[in-house]
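The following exercises concern disulfides, backbone angles and charged side chains. Please attempt each task before reading its solution.

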Amino acid sequence: MGRPTQWLSLLLLLLLPGPLPVAGMEDAAFPHLGESSQPPPRACPPRCSCPRVDTVDCDGLDLRVFPDNITRAAQYLSLQNNQLQELPYNELSRLSGLRTLNLHNNLISSEGLPDEAFESLTQLQHIYVAHNKLSVAPQFLPRSLRVADLAANQMMEIFPLTFGEKPALRSVYLHNNQLSNAGLPPDAFRGSEAVATLSLSNNRLSYLPPSLPPSLERLHLQNNLISKVPRGALSRQTQLRELYLQHNQLTDSGLDATTFSKLHSLEYLDLSHNQLTTVPAGLPRTLAILHLGRNRIRQVEAARLHGARGLRYLLLQHNQLGSSGLPAGALRPLRGLHTLHLYGNGLDRVPLALPRRLRALVLPHNHVATLGARDLAATPGLMELNLAYNRLTSARVHHRAFRRLRALRSLDLAGNQLTRLPMGLPTGLHTLRLQRNQLRMLEPEPLTGLDQLQELSLAHNRLRVGDIGPGTWHELQALQVRHRLVSHTIPRAPPSPCLHCHIPNILVSWS
């Protein structure tokens, strides 16, 4: 048989009908007559979005009643930004597989939230009920919970099983409520030994609550009425890294030498905006940032800082140190101090014997009138020096005052009474601010060698074109000029052409 005949026989075999189907052997997956190969549509509430079988998103639909037709398979349900006033128990009880329930920004009141509302949600891990109208917390939340956000309500009370007996609970947010100490039960976190973040800021607490979880790493208590930390209240929180107590009513008598001494992991402590007159005692060695601004501190004692030898940033702005509140060597224990902030303290000179490794010294709005040859000699590594808005005059700034500051990159002398540029400026300067002084002349000698200077601010002085010596700008090759035209007035002098119109590469900031 030839090759064409073989091909013809093969084609006939392919065209012949196969054997008749046997009952019970149909392929159930194969679409039959009148059926679609597409899966059936998912059950999804009207106007909501259900991108996956376990996700229902009804965000921002102005809903006033809890939607029906939510699939029992839902694990993630978002109802935030609606107008819901209540949660029906019969609807929630169907959704036993929920892991995340987002009710943020509704109108749900405590009356609209039955006590048994969450009983059946045995797998719930994240609940968000912030920005609602709750006057008390739910009496019971599921044991499986990991994150609970009930911030920005009107809550005055929580209950033992609101957050207690939750072994997986990690974060609790209760800020912006109306909680007083009477509204927090002593066993509020019993059985919840994993809580790392607790936010109780912007409430009505008068003292630091006892029996806080020992596992805490971040504790927010700012903007309360706290005047006292009871003895031992922070004795178990050895993992605490951040403690926020600013904007309270703390006084020296509300703290003792043991208040912070057990916090062996503490790195950040904010006590600003209180009523302290001294630096607290017993600060831990691990502390890196201490914020004491806006208190009434009159004296800094070296003995109070011995324990905090690892401190890197000390912020003391807006206190009452005056001329004697920071004696020579008071900060010597802080060998690794990087930044010292002393804004607005009435200091009449630069503090002496500062830590040698200091990198930033911020002293604006004080009464410093003199800068001697050795006032800054102890801090050769300074990179930023801010002496703006003091009382410095050219006659009282020694020509060797900046000689040792070879690492200095930013020098702010704005708002003083200088009539000429200081001598001996460090050659590595990038920024020099001299606006709002009384400069009457610019000479080339003080600017010699400043070939790295990128910003020079001379606004609001008494300079005219004729007051600039020849060659003044010759070495300032790195200046970055901002072309901003301004009009300025020179008192009791005839009008003269604006400086930057004739010398376009002079300054970064003229306004």
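**Exercise 1.** In this predicted model, determine which cysteine is joined to Cys44 and what the handedness of the disulfide is.

*Solution.*
Step 1. A disulfide is a covalent bond between the sulfur atoms of two cysteines.
Step 2. The partner of Cys44 is Cys50, with an S to S distance of 2.0 Å. This satisfies the cut-off of within 2.5 Å.
Step 3. The torsion about the S-S bond of Cys44 and Cys50 is about 85°, so this disulfide is right-handed.
Step 4. Buried means under 20% relative accessible area, and exposed means over 50%. Cys44 has 22% relative accessibility and therefore counts as partly exposed, whereas Cys50, at 16%, counts as buried.

**Exercise 2.** State how many disulfides a search of the whole structure finds, and explain which parts the pair Cys48 and Cys58 ties together.

*Solution.*
Step 1. The search of the whole structure yields two disulfides. One of them is formed by Cys48 and Cys58, whose sulfur atoms are 2.0 Å apart.
Step 2. Cys48 belongs to the loop between helix H1 (3-15) and strand S1 (55-57), and Cys58 to the loop between S1 and strand S2 (76-78), so the pair ties together parts that are 10 residues apart in sequence.
Step 3. Because the torsion about the S-S bond of Cys48 and Cys58 is about 110°, the disulfide is right-handed.
Step 4. Cys48 and Cys58 are both buried.

**Exercise 3.** Describe the phi angle and the surroundings of Arg47 and of Ser211.

*Solution.*
Step 1. Arg47 is not a glycine, yet its phi is positive, at about 75°. Arg47 is found in the loop between H1 and S1.
Step 2. With a relative accessible area of 61%, Arg47 is exposed.
Step 3. Ser211, also a residue other than glycine, has a positive phi near 60°. Its place is in the loop between strand S7 (197-199) and strand S8 (218-220).
Step 4. The relative accessible area of Ser211 is 39%, so Ser211 is partly exposed.

**Exercise 4.** Is Asp375 buried or exposed, and which residue is its salt-bridge partner?

*Solution.*
Step 1. Side chains of opposite charge can pair when their charged atoms come close.
Step 2. Asp375 meets Arg349 in a salt bridge, at 3.0 Å from N to O.
Step 3. Asp375 lies in the loop between S14 and S15, and Arg349 in the loop between strand S13 (339-341) and S14, so the pair ties together parts that are 26 residues apart in sequence.
Step 4. Asp375 has a relative accessible area of 13% and is therefore buried. Arg349, at 38%, is partly exposed.

**Exercise 5.** Examine the salt bridge of Glu455 and name the strands involved.

*Solution.*
Step 1. The partner of Glu455 is Arg433, and their closest N and O atoms are 3.3 Å apart.
Step 2. Glu455 is in strand S18 (residues 455-457) and Arg433 in strand S17 (residues 431-433), so the pair ties together parts that are 22 residues apart in sequence.
Step 3. Glu455 is buried, with a relative accessible area of 15%, while Arg433 is partly exposed, with 25%.
Step 4. The structure holds eight salt bridges. Among the residues concerned, Glu217, Arg218 and Arg241 are joined into one network by salt bridges that share partners.

**Exercise 6.** Identify which residues form the positive surface patch that includes Arg374.

*Solution.*
Step 1. The patch is formed by Arg356, Arg374, Arg400, Arg403, Arg404 and Arg406.
Step 2. Arg374 has its place in the loop between strand S14 (360-362) and strand S15 (384-386).
Step 3. At 58% relative accessibility, Arg374 counts as exposed.

Conventions:
Residues numbered from 1 in each chain as written. Predicted model: local features only at pLDDT ≥ 70, side-chain atom pairs only at ≥ 80, totals over all residues. Heavy atoms only, no water. Buried < 20%, exposed > 50% of the residue type's maximum accessible area, 1.4 Å probe, protein only. Helix = DSSP H or I, 4+ residues; strand = E, 2+ residues; numbered from the N terminus. Patch = residues over 30% accessible without salt bridge, like charges linked within 9 Å, V, L, I, M, F, W, Y side chains within 5 Å. Areas by Shrake-Rupley, 256 points an atom, 1.4 Å probe, with all protein chains shown as cover. Salt bridge = Lys/Arg side-chain N within 4 Å of Asp/Glu carboxyl O. Lys, Arg positive; Asp, Glu negative; His and termini not counted. Charge placed at Lys NZ, Arg CZ, Asp CG, Glu CD.
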